[in-house]
Amino acid sequence: MTYSIGIDLGGRNIKFVAITPQGEIRARATAPTYADDSDWAQTIRGLIKKIADEQGSAPLCVGLSAPGLAAPNGRSILWMQGRLEKVQGLDWTSYLGFEKTVTVLNDAQAALLGEIWLGSARGARNAILLTLGTGVGGAIVCDGHLLRGHIGRAGHLGHISLDVDGEKDIVNTPGSLEEAIGDCTIEQRSGGLFHSTYDLVEAHRVGDGKATEIWLRSIKFLAAGIVSLVNAVDPEIVIIGGGIAAGAGDILFVPLQKYVDEWEWRPVGEGVRIVPAQLGEYAGACGAAYEALRVAN
């Protein structure tokens with residue numbers, strides 16, 4: 001049986017999928033990353049072997065997604081600072097001992113490829129993904145091609161500026177989308193009233209006026225970011241994923257659509273579709289497997 005293994009390397013967990021070229025998921029697995037352990041990458045070697053033993057054959061190819069900027073040759077993460085900094089510069093093809101290149105790409109870019117292949121944007125040729133969590137990640141597919149950019153920076157949509165007078169974010173952007181809705185700033189945005197976006201949303205659900213004010217302001221910023229991106233990229237669909245979107249559901253999507261309906265430029269009368277992501281925590285692994293299959297073929 002022909003299959004690909006997709007690996008999504010996160011700060012806390014590593015997700016694996018074994019998937020056929022037709023999109024049939026044959027196996028899934030999750031393991032802790034143990035990023036502080038010098039041998040953490042051995043976990044990936046061991047799980048690839050376990051999956052291969054269970055499937056009765058070696059994979060045709062392997063793809064890996066991780067935070068950071070992927071190298072132009074697609075074999076490593078060129079830049080990654082923080083908890084996973086040991087992934088920076090690691091050539092996964094050499095490390096895993098594969099003859100075929102182990103394709104490496106940014107995790108948000110992989111998640112978008114997964115959603116286009118098997119999720120909420122199946123078959124789309126122009127799409128944007130925004131992931132709302134601790135920060136705000138993103139990716140763009142334009143005319144069927146993943147937008148990577150000159151050094152791999154393309155798609156860091158959380159770092160677009162919405163307020164020139166706002167606080168600078170982790171990449172020095174003033175008033176960024178990430179600052180406006182990312183969980184990383186919830187205490188600052190709420191004046192210490194809420195310690196997580198989950199707490200904020202739950203308070204909004206039960207009618208807390210202050211929570212509602214903060215939440216709707218965050219969604220307004222998100223809508224402003226989306227209509228700006230629509231003008232710049234002209235997607236047919238915008239996928240919203242990540243923990244905040246999954247937890248909020250209609251409390252996010254209903255007001256978001258209202259603001260976008262009010263502000264989006266629609267010269268031919270057709271609005272962009274805004275949909276929730278479907279693949280959940282395995283989107284990046286599925287996209288990594290897809291990219292590996294694409295390169296292998």
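Which residue in S3 is the bridge partner of phenylalanine 16? The tour of this predicted model begins with that pair and then moves outward.

**First stop: a pair of strands**

Select phenylalanine 16 together with alanine 29, its bridge partner in S3. Next, display the whole of strand S2, residues 13–19, beside S3; the two run antiparallel and are joined by seven bridges.

**Second stop: the sheet**

Extend the selection to the five strands of the open sheet, which follow the order S3-S2-S1-S4-S7 and have mixed pairing. Strand S3 (25–32) and strand S7 (103–106) are at the edges; each has a single partner strand, so one side of each lacks a neighbour in the sheet. From one strand to the next, the twist averages 15°.

**Third stop: helices on the sheet**

Add helix H1, residues 42–55. This helix lies across strand S1 (4–9), S2, S3 and strand S4 (61–66), and it runs at about 25° to S2. Then add helix H10, residues 283–296, which also packs on the sheet. H10 touches S1, S2, S3, S4 and S7, and its direction makes about 135° with that of S1.

**Fourth stop: the nonpolar cores**

Turn now to the largest nonpolar core, which has 37 residues. Select Leu130, Trp215, Leu222, Ile226, Ile240, Leu252 and Ile274, the members that touch the most other members. Several elements each supply at least two residues of this core, among them strand S8 (127–132), strand S9 (136–142), helix H4 (177–181) and helix H9 (250–263). Helix H7 gives the most, with 11 residues.

Centre the view on leucine 130. Apart from neighbours within four places in sequence, leucine 130 is in contact with ten residues to pick out in turn: Val136, Gly137, Gly138, Leu157, Leu177, Leu222, Ile226, Ile239, Ile240 and Gly241.

A second core, separate from the one just visited, has 27 residues. To find this second core, select Ile7, Ala18, Leu47 and Leu64, which are included in it.

**Last stop: a helix crossing**

Two packed helices are described by the angle between their axes and the distance between the axes. Select helix H6 (197–205) and helix H7 (209–233). Their axes come within 8 Å and cross at roughly 120°. H6 and H7 are therefore oblique to each other, and their crossing is left-handed.

Which residues of H6 and H7 meet? Show Thr197, Leu200, Val201, Ala203 and His204 in H6; they meet Ala211, Thr212, Ile214 and Trp215 in H7. Trp215 has already appeared on this tour, among the residues that touch the most other members of the largest nonpolar core.

Technical notes:
Residues numbered from 1 in each chain as written. Predicted model: local features only at pLDDT ≥ 70, side-chain atom pairs only at ≥ 80, totals over all residues. Heavy atoms only, no water. Pairing = 2+ DSSP bridges. Helix = DSSP H or I, 4+ residues; strand = E, 2+ residues; numbered from the N terminus. Axes fitted to C-alpha atoms, helices over the stretch in contact; angles between N-to-C directions. Contact = heavy atoms within 4.5 Å. Core = buried A, V, L, I, M, F, W, Y, C linked by side-chain atoms within 4.5 Å. Buried < 20%, exposed > 50% of the residue type's maximum accessible area, 1.4 Å probe, protein only. Parallel < 35°, antiparallel > 145°, perpendicular 65-115°, else oblique. Left-handed = near helix turned anticlockwise from the far one by under 90°.
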